[in-house]
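Take a look at the model below. Start with one residue, then work outwards to the whole chain and its partner.

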Amino acid sequence: MNNNKFEVLLRNESGRLYNYLLKILRNKEDAEDILQETFIAFHKKMNSIKDSSYKSYLFRTAYHKALNLIKKRNAKNKLVTNFPEMEHFADGSTKNNEQQNELVKDALSKLKPEEALLIDLQFYQKMSYKQIAEVLETTQSAVDSKLVRAKKKLIKIITEQKKMQEK
Amino acid sequence: MKQKNECSFEKKLNAYIAGELSEMEHNKVREHISSCHLCQNEIRNLQQVDNFLFQYTEEDVPAGLNEKILNSVSNYRTNPFMKNVVSFSIAASVLISFVAGIMLSSGLYAETKDSNITIGEDSLYSYFEGDYDV
């Protein structure tokens, strides 16, 4: 893979990966760091990766790196909520979008990282079950059952969010 | 009488709204939903999640982040120290293999010539039996 191809891939995929990381990490600096680490890791291995597997590799790598970070955070007993960055979203002209984004991020961060990845791949990356199964190295039926479980959790989370908003 | 609160079609509903079922299965589920209140309710719940998730508006990658990544990759690739280390390692490996090869072949040749023994299965057998002085 030449450098131009890497640059094109970076510019095409960095936005999607960044948003995925932002949703599960809820911290801009961490999302930036993991995005950078993911693309550097990809660059080192890109010659041995098939063109058709670039996206899978990127998401899998980002997922594992994010997972490690979340584990480290949990080990330090830091909660994934109430990051200082949250204050940044409190003002600005696009408040509605930002508030909505915060609700989605809040809900997704309450799922297991693997469930959040599944949701992201299906809803935001528009991947089919077959493609998701390739990313997660699992079967399509496992993807379906995990997605159902994740959505059921989301239904509860959304209901709780609504109750909180009504208070 | 105990009220029915589960439906065997429920497991297929997520795949149904995601368009992941075969045409035949899709039609079968669609037909079932029209007469099953449990499934209709479940579909509404799942669609509520979908609508919620679609509220999210993609955020832009922070300015300069892509360039920062490109620079990191470029530095890694063109770092003169790393380049020198790799080149030196390869050259050293080749040289060591070459010298070791020459030493081994000349030593073996000299030994076989002096003792007038040909290297073969018998000589190796003798070697392990202790007939050779090493």
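Glu137(A) is exposed, because 8 other C-beta atoms lie within 10 Å. The cut-offs are these: a residue is buried with 20 or more other C-beta atoms within 10 Å of its own, exposed with 12 or fewer, and partly exposed in between, with C-beta atoms placed from the backbone.

This is a predicted model, in which local features need pLDDT of at least 70 and side-chain atom pairs count only at pLDDT 80 or more, while totals for chains, interfaces and linings use all residues. Residues are numbered from 1 along each chain as its sequence is written, and chains are lettered from A and ligands numbered from 1 in the order in which they are written.

**Positive phi in loops**

Most residues other than glycine have a negative phi. Glu137(A) has a positive one. So does Arg26(A), which is not a glycine either. Arg26(A) counts as buried because it has 20 C-beta neighbours inside 10 Å.

| Residue | Phi | Place |
|---|---|---|
| Arg26(A) | about 60° | loop between H1 and H2 (28–45) of chain A |
| Glu137(A) | near 50° | loop between H7 (129–136) and H8 (140–166) of chain A |

**Chain A and its core**

Chain A has eight helices and zero strands. Helices (H or I, at least four residues) and strands (E, at least two) are DSSP runs, numbered from the N terminus. Of the 167 residues in chain A, 32% are buried.

Which residues touch the most other members of the largest nonpolar core? They are Leu21(A), Ala62(A), Ala66(A) and Leu118(A), in a core of 48 residues. Helix H1 (residues 3–25) of chain A gives the largest share of this core, eight residues. A nonpolar core is a set of buried Ala, Val, Leu, Ile, Met, Phe, Trp, Tyr and Cys residues joined through C-beta atoms within 7 Å.

**Helix H6**

Helix H6 of chain A covers residues 113–124. Its twelve residues should span 16 Å at 1.5 Å a residue (1.5 Å times one less than the number of residues). The end C-alpha atoms are 15 Å apart, which agrees. Buried residues in H6(A) include Leu117(A), Leu118(A) and Asp120(A). Leaving aside neighbours within four places in sequence, Leu118(A) is in contact (C-beta atoms, placed from the backbone, within 7 Å) with residues including Ile132(A), Val143(A) and Ala150(A).

**Where the chains meet**

How many residues of chain B are in contact with chain A? The count is 25, and they meet 31 residues of chain A. H4(B) gives the largest share of chain B's side, eight residues.

Notes: Contact = placed C-beta atoms within 7 Å.
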